Amino acid sequence: QQLYPLLKNIYLKSKLISSEMKLYGKTVAALAVICLPMLAQAGKYTVSGVVEGSREGDKVVLAIYSSYNYSPEKGDRCDTLELDGEGRFSFSGKLKSGRPAHLMYISSSPDAPVFPPKVYFALTPSKMLIRANAASFSDASISGGLYDDPRNTAFVKAEKEAEACIDSLRMRSRKASAAGDTVAMKALKEQSEEQRSQYERMLYSFFKEDTPFAPFQYISTARIYRDDADGIASVCASFGRRAAKSGFADIVRQRRDYAMAMKSGRPCPELLLTDRDGRTVSLSDYKGKYLLVSHWSAGCGGSHYADPLISKVYEKYRQYGLEVLGTTDPSAVHFKPKDGSGPVDMKKMVFGIFKHEYKDIDLSEGDNYMFEKRFNVNGTPYFVFVSPEGIIIEAGLGVEVLDTVNKTMESVRVAAEGK
């Protein structure tokens, strides 16, 4: 009699548990039916659209950046599609978070420009639509993803209007200069400076907006290249919560870290490159000597201006412990012979431009491309001046760095001859 109530209670509880488990199982199954398709779509992007006025054989290229510098040879994604008969295209794939991207239009016309036009945009896991005209591809309209946020579209519109105003003032200034109208030139110069100042204030104000589009715009407007390490760090600190969690903010922080590592007084990052003869070149090879790393480009006027200056400095101070190492990327040069002949040996052409005595490194070989990221290269000519102890004396864009080289090496020469 005492055992019966106990067994009955156990039976009733087990029946209740069984009923609850059945209900739980049905709930899980229902949730699976709803959520699994959603999970399958998570992280998926689609970029589709049309290029009006295109012709048979024309192509579009979608390039997705993994960092602030893009190169299909360096791990970034690059897909090419031939437009259909109506100029339509559609790309799709997976993406963990937002990334900068560009859509490039490659015309099959023999008169196509050497530099194909591009549309730079913020790609996110979403459906995006790009409509363009072959004659004015860079003015394409973009919708979907972050471009459906009114704040972002308003900024893009204001940015284009400001840039158009600056371009208009530039053209008017040129006409005034050609006419010799100094009064108009002065007035236009003041207007241009004020317009540029307003434009910069507008940009940096938007960078503080709590939207992933803010860090994207910091990249796309090239302020990520113009600001120094402290400037980039300041912008990073101003990102809101949503902006800071985006893939675009990850790229800005990556640039900040590389920039911080190249500040004067910091140990120079390891220089591990392979020269054109297959030999390894490292920072330790220059231990005990002053090293000037000169990053140049065949198509850069500043590089052509700097080359004889570097050669002069090298010739004057090499006996006092100065070494120079050149770096360049011939694959970044776009060259199209006017007579239509080809193909062109780009490496032979690029490395034949300058006849300097010091060694040049081909950054398109092997893992040499990492130099540009690790050394925070933001254009050409770019210089890194390193002490015999491997400490960065100065790093930066422009021939002004050569002033520091001259002053430093002149002091070394005077000290050496004084002995």
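For the counts by class used here, Ala, Val, Leu, Ile, Met, Phe, Trp, Tyr, Cys and Pro are taken as nonpolar, Asp, Glu, Lys and Arg as charged, and everything else, Gly included, as polar. The views below come from a predicted model.

**View 1. A closed cavity lined in part by helix H9.** The cavity count comes to one at 30 Å³ or more, and the largest cavity holds about 40 Å³ of space. Around that space sit Ser294, Trp296, Ser303, Ala306, Asp307, Ile310, Phe354, His356, Tyr358 and Pro381. Helix H9 (residues 301-317) is the top contributor here, putting four residues into the lining. Sort the lining by class and you get six nonpolar, three polar and one charged.

**View 2. The second largest pocket, with H2 giving the largest share of its lining.** This pocket has a volume of about 650 Å³. Its lining runs to 19 residues, and Tyr120, Ser138, Val156, Glu159 and Lys160 are the ones nearest the centre. Strand S6 (118-123), strand S8 (141-143), helix H2 (150-179) and helix H4 (213-220) each chip in at least two lining residues; H2 supplies five. The class mix of the lining is eight nonpolar, six polar and five charged residues.

**View 3. Helix H4 packed against helix H8.** H4, which also helps line the pocket of View 2, has its axis 7 Å from that of H8, at an angle of about 45 degrees. That angle makes the pair oblique, and their crossing is left-handed. On the H4 side, look for Pro215, Phe216, Tyr218 and Ile219; they meet Phe248, Ala249, Ile251 and Val252 of H8. By class, this contact has eight nonpolar residues, with no polar and no charged ones.

**View 4. Helix H6 alongside helix H8.** Here H6 (residues 229-238) and H8 (residues 247-261) bring their axes within 9 Å, crossing at roughly 150 degrees. Angles over 145 degrees count as roughly antiparallel, so that is how H6 runs relative to H8. The crossing is left-handed. From H6 come Ala229, Asp230, Ile232, Ala233 and Cys236, and they meet Val252, Arg253, Arg255, Arg256, Ala259 and Met260 in H8. This contact breaks down into seven nonpolar, no polar and four charged residues. Keep an eye on Val252: this H8 residue is part of the contact with H6 and also of the contact with H4.

Technical notes. Residues numbered from 1 in each chain as written. Predicted model: local features only at pLDDT ≥ 70, side-chain atom pairs only at ≥ 80, totals over all residues. Heavy atoms only, no water. Axes fitted to C-alpha atoms, helices over the stretch in contact; angles between N-to-C directions. Parallel < 35°, antiparallel > 145°, perpendicular 65-115°, else oblique. Left-handed = near helix turned anticlockwise from the far one by under 90°. Contact = heavy atoms within 4.5 Å. 1 Å grid on protein atoms, 1.4 Å probe; cavity = no way out; pocket = protein on both sides within 12 Å on 5 of 7 lines; lining within 4 Å. Points joined across faces, edges and corners; volume = space filled by probe spheres on them.
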